Amino acid sequence: MIEDLRTLVEVESPSRVLEALRRSAETVAAVIEARLGGRAVLVESEGGPHVHWSGGGTPRVLVLGHHDTVFPLGTLARRPFRVEDGRATGPGVFDMLGGLVQAIHGLASLDDRSGVEILVTADEEVGSHFSRALIEERALACGAVLVAEGAADGGGVKTGRKGCGTFEVSVTGRASHAGLEPAAGVNALVEAAHQVLAIAELGRPEIGTTVTPTVASAGTLDNVVPAAATVVVDVRVESAEETRRVESAFAALTPRLAEAVITVRGGVGRPPMPESASAGLFAVARRLLPGLEGRAVGGGSDGNFTAALGVPTLDGLGAVGGGAHADHEYLEVASMVERARLVAGLVDAIRRA
């Protein structure tokens, strides 16, 4: 498993870099074919190639993951793959190449791989816009989904996830000379400041809703009243009701300054994954691995889509480690065999049900 992990990490795969994603997809397909036999098919998309493999027979369970990472080309040179003191490090080891390797090797331990499909997408880190339809199609066909994303803190699986999305609020004003005619302009930055304060008030953390302005830009020169400003907002919700409330509130934003214009784009792109979607599979997982913990977490994954369809979904079955999206990302090597066996055991249990 460590050598296969090295192989995947050393083919960098930043989201939206199509040439790199093609090399990565080809490498993932080669690893799958080497360990499981059969043919792994590259499914072309505008976001890069996805990888799909089937063990044949009637579909019963989908193992879901992604091969794109958040790290730009060149990260590997600065932070190469290493195994030291029981930890593997390098770009993507935890999110989520380690989980892919563990799942593949878990399936390789089964004499019978019929009824199992693997789908490894190319655009999860940037919203899954080009893979969502395929994910939903295969999830419905299979009837159960095991997501090989990294484990929760402490090695638990992820039994629930918040819905998440991004909104972009654009303000159009009017430029003027900041010294000679400031009143002739419409200050988009001032309008954006009003909107940021209003947007921040939309959060309801007591029921799991967070609304966080994260990126802002405005202006061109220090002596020009800014004619445009943009604010990007991260939103996390635990219910469909909160999704509707927050989306309606963004749609209802109104300017405070005369002649300013507000445009809102975006929405909650990943629906919440309720813990009810994972309850049955989590019970099976705990029988296979007594003491296994389940946690609801704030981050989203492609499991949000499958759970929203009513397909039983268990997430966080991948690497035990931490530091997702950060330079200190790591995977605990000692956990790899146990997690691979957990995936294999769940597949067997699903097929016997």
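These questions and answers walk through a predicted model, from its sheets to a few unusual residues.

Residues are numbered from 1 along each chain as its sequence is written. Because this is a predicted model, local features need pLDDT of at least 70 and side-chain atom pairs count only at pLDDT 80 or more, while totals for chains, interfaces and linings use all residues; side-chain values use heavy atoms, with hydrogens and water left out.

Reader: Which strands stand at the edges of the open sheet of six strands?
Author: Happy to start there! Helices (H or I, at least four residues) and strands (E, at least two) are DSSP runs, numbered from the N terminus, and two strands pair if DSSP finds at least two bridges between them. The order in this open sheet is β1-β2-β6-β3-β7-β14, and the pairing is mixed. Each edge strand has a single partner strand, so one side is left without a neighbour in the sheet; the two are β1 (41-43) and β14 (313-314).

Reader: How many residues of strand β3 are buried?
Author: A residue is buried under 20% relative accessible area, exposed over 50%, and partly exposed in between (1.4 Å probe, protein chains only). Val61, Val63 and Gly65 on one side of β3 are buried, and so are Leu62, Leu64 and His66 on the other. Strand β3 (residues 61-66) is therefore largely enclosed by the rest of the structure, and the count of buried residues is six of the six.

Reader: In β7, which residue is the bridge partner of Leu64?
Author: Strands of a sheet pair through backbone hydrogen bonds, either parallel or antiparallel. β3 pairs in the parallel sense with strand β6 (residues 116-121) over six bridges, and Gly65 stands opposite Val120 there. With strand β7 (residues 145-147), β3 also pairs in the parallel sense, over three bridges. Within β7, the partner of Leu64 is Val147.

Reader: What angle does helix α5 make with β3?
Author: Contact means heavy atoms within 4.5 Å. Axes are lines fitted to C-alpha atoms, for helices over the stretch in contact, and angles run from 0 to 180 degrees between N-to-C directions. Helix α4 (residues 93-108) lies across β3 and β6, at about 150° to β3. Helix α5 (residues 132-142) touches β1, β2 (50-54), β3, β6 and β7, and its direction makes an angle with that of β3 of about 155°.

Reader: By how many degrees are neighbouring strands of the four-strand sheet turned against each other on average?
Author: This open sheet has the order β10-β11-β9-β12, with antiparallel pairing. Its edge strands, β10 (210-218) and β12 (261-270), each pair on one side only. Direction ignored, the average turn between neighbouring strands is 15°.

Reader: At what angle to β11 does α7 run?
Author: Helix α6 (residues 188-200) lies across β9, β10, β11 and β12, and runs at about 10° to β11. α7 also lies across β9, β10, β11 and β12, but its angle to β11 is about 170°.

Reader: Why is the pair of Phe167 and Phe250 called stacked?
Author: Rings of Phe, Tyr and Trp (its six-membered ring) pair if their centres lie within 6.5 Å; planes under 30 degrees apart count as stacked, over 60 as edge-to-face and the rest as tilted. A search of the whole structure finds one aromatic pair. Its ring centres are 3.9 Å apart, and the pair is stacked because the planes are at 5°.

Reader: Which helix holds Phe250, and are the two rings' residues buried or exposed?
Author: Phe167 is in strand β9 (residues 163-172) and Phe250 in helix α7 (residues 240-251), 83 residues apart, so the pair links distant parts of the chain. The helix asked for is α7, and both Phe167 and Phe250 are buried.

Reader: How many residues of α10 are buried?
Author: The expected span of a helix is 1.5 Å times one less than its number of residues. For the 17 residues of helix α10 (residues 336-352) this gives 24 Å, which agrees with the 25 Å between its end C-alpha atoms. Among its buried residues are Met336, Arg339 and Arg351. The helix is largely enclosed by the rest of the structure, and the buried count is twelve of the 17.

Reader: Is Glu259 buried or exposed?
Author: Most residues other than glycine have a negative phi, and most peptide bonds are trans. Glu259 has a positive phi of about 80° and lies in the loop between α7 and β12. At 57% relative accessibility, Glu259 is exposed.
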